[in-house]
Amino acid sequence: MREELKNNLNIHFQIIYKDILDQNEILKLNNKVLDLFENKDQGITEPNWSQKDIFLISYGDSIVETSDNKLKALTKFLNKYCKNHFNNLHVLPFFPYSSDDGFSITDYEIVRPDLGNWQDMKSLSKDFRVMSDIVINHASIKSKYFKSFIENKEDTQNFFIKLRNVQEGYDSVVRPRSSDLF
């Protein structure tokens with residue numbers, strides 16, 4: 001199974017990082033992910049989650065304080081009131097977005113400036129195991145990836161699905177929203 005996983009990861013990393021990493025760096029990244037997957041580097045003897053874990057789910061702007069950015073305010077609040085009760089924090093999308101309550105991401109590489117920055121996210125992870133939604137299935141039409149796709153740039157043509165007839169086969173899709181599917 002490890003060899004199959006290694007090969008699959010390598011294929012994905014080649015596609016994702018082809019312009020920024022050389023072959024050796026991709027191999028190192030591949031091995032690091034495999035080690036993490038197998039919990040070797042973390043010294044974890046239990047599964048990643050168990051019945052002992054308690055999760056808190058929060059938007060990054062749930063706590064607001066005038067003297068700090070929102071992620072710093074959240075960190076202070078969690079450390080003061082929640083540290084002894086929760087060991088895992090699920091931060092709902094914290095990337096810049098154009099709609100859908102944060103789920104229509106415009107830029108996957110930065111933290112929303114009104115929340116803070118990557119250092120603030122790192123601070124959250126000092127006392128909590130942090131997870132987040134990467135929301136790759138909700139990209140905004142305002143994202144650079146979608147704009148590149150619309151411009152037919154080769155590097156993003158597999159990021160989205162081109163629909164020839166938006167009505168074909170989708171008339172039975174039900175969703176809890178008042179807006180059209182497309």
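Asn 88 in β2 has Arg 129 as its bridge partner in β3. That pair is a handy way into this predicted model, in which local features need pLDDT of at least 70, side-chain atom pairs count only at pLDDT 80 or more, and totals for chains, interfaces and linings use all residues. Residues are numbered from 1 along each chain as its sequence is written, and side-chain values use heavy atoms, with hydrogens and water left out.

**The sheet**

Let's start with the strands. Helices (H or I, at least four residues) and strands (E, at least two) are DSSP runs, numbered from the N terminus. Two strands pair if DSSP finds at least two bridges between them. Here, three strands form an open sheet in the order β1-β2-β3, with parallel pairing. β1 and β3 stand at the edges with a single partner strand each, so one side of each has no neighbour in the sheet. On average, neighbouring strands are turned by 25° against each other, direction ignored; the axes behind that angle are lines fitted to C-alpha atoms, for helices over the stretch in contact, and angles run from 0 to 180 degrees between N-to-C directions.

β1 and β2 run parallel and are joined by four bridges. β2 (residues 88-91) also pairs with β3 (residues 129-132) in the parallel sense, again over four bridges. Some of the facing residues are set out here:

| Residue | Facing residue and its strand |
|---|---|
| Phe 55 | Asn 88 in β2 |
| Leu 56 | Leu 89 in β2 |
| Ile 57 | His 90 in β2 |
| Val 91 | Ser 132 in β3 |

How does the chain get from strand to strand? β1, α3 and β2 make a right-handed β-α-β unit. From β2 the chain crosses through helix α4 (residues 118-124) to β3, and this β-α-β crossover is right-handed. Right-handed is meant like this: with the strands pointing away from the viewer, the path from the first strand over the helix to the second runs clockwise.

In a regular strand, side chains alternate between the two faces of the sheet. In β2 both faces are covered: Asn 88 and His 90 on one side, and Leu 89 and Val 91 on the other, are all buried. Buried means under 20% relative accessible area, exposed over 50%, and partly exposed in between (1.4 Å probe, protein chains only).

**Asp 53 and its polar partners**

Asp 53 sits in the loop between α2 (23-37) and β1 (55-58). Is this acidic residue buried or exposed? Asp 53 counts as buried because its relative accessibility is 17%. Its side chain makes a polar contact of 3.3 Å with the side chain of Asn 88, and another of 3.3 Å joins the side chains of Asp 53 and Arg 129. So the bridge partners from the opening, Asn 88 and Arg 129, turn up again here. A polar contact is a pair of N or O atoms within 3.5 Å; within protein, one must be able to donate a hydrogen and the other to accept it, and residues adjacent in sequence count only if both atoms are side-chain atoms. Not counting residues up to four places away in sequence, Asp 53 touches Asn 48, Asn 87, Asn 88 and Arg 129, where contact means heavy atoms within 4.5 Å.

**Helix α3 and the core**

At the N-terminal end of α3, Asn 69 acts as a cap, with a side-chain oxygen 3.1 Å from the backbone nitrogen of Leu 71. The buried residues of α3 are Leu 71, Ala 73, Leu 74, Thr 75, Leu 78 and Cys 82, and their cover includes β1, β2 and α4.

Leu 78 is found in α3 and is buried, with a relative accessible area of 1%. Leaving aside neighbours within four places in sequence, Leu 78 is in contact with Leu 56, Lys 83, Leu 89, Leu 124 and Phe 128.

Nonpolar side chains tend to be buried together in soluble globular proteins. A nonpolar core is a set of buried Ala, Val, Leu, Ile, Met, Phe, Trp, Tyr and Cys residues joined through side-chain atoms within 4.5 Å. The largest one here has 21 residues, and those with the most contacts inside it are Leu 71, Leu 78, Phe 94, Met 121 and Leu 124. Two or more residues come from each of α3 (70-82), β2, α4 and α5 (144-150), with α3 giving the most, four residues.
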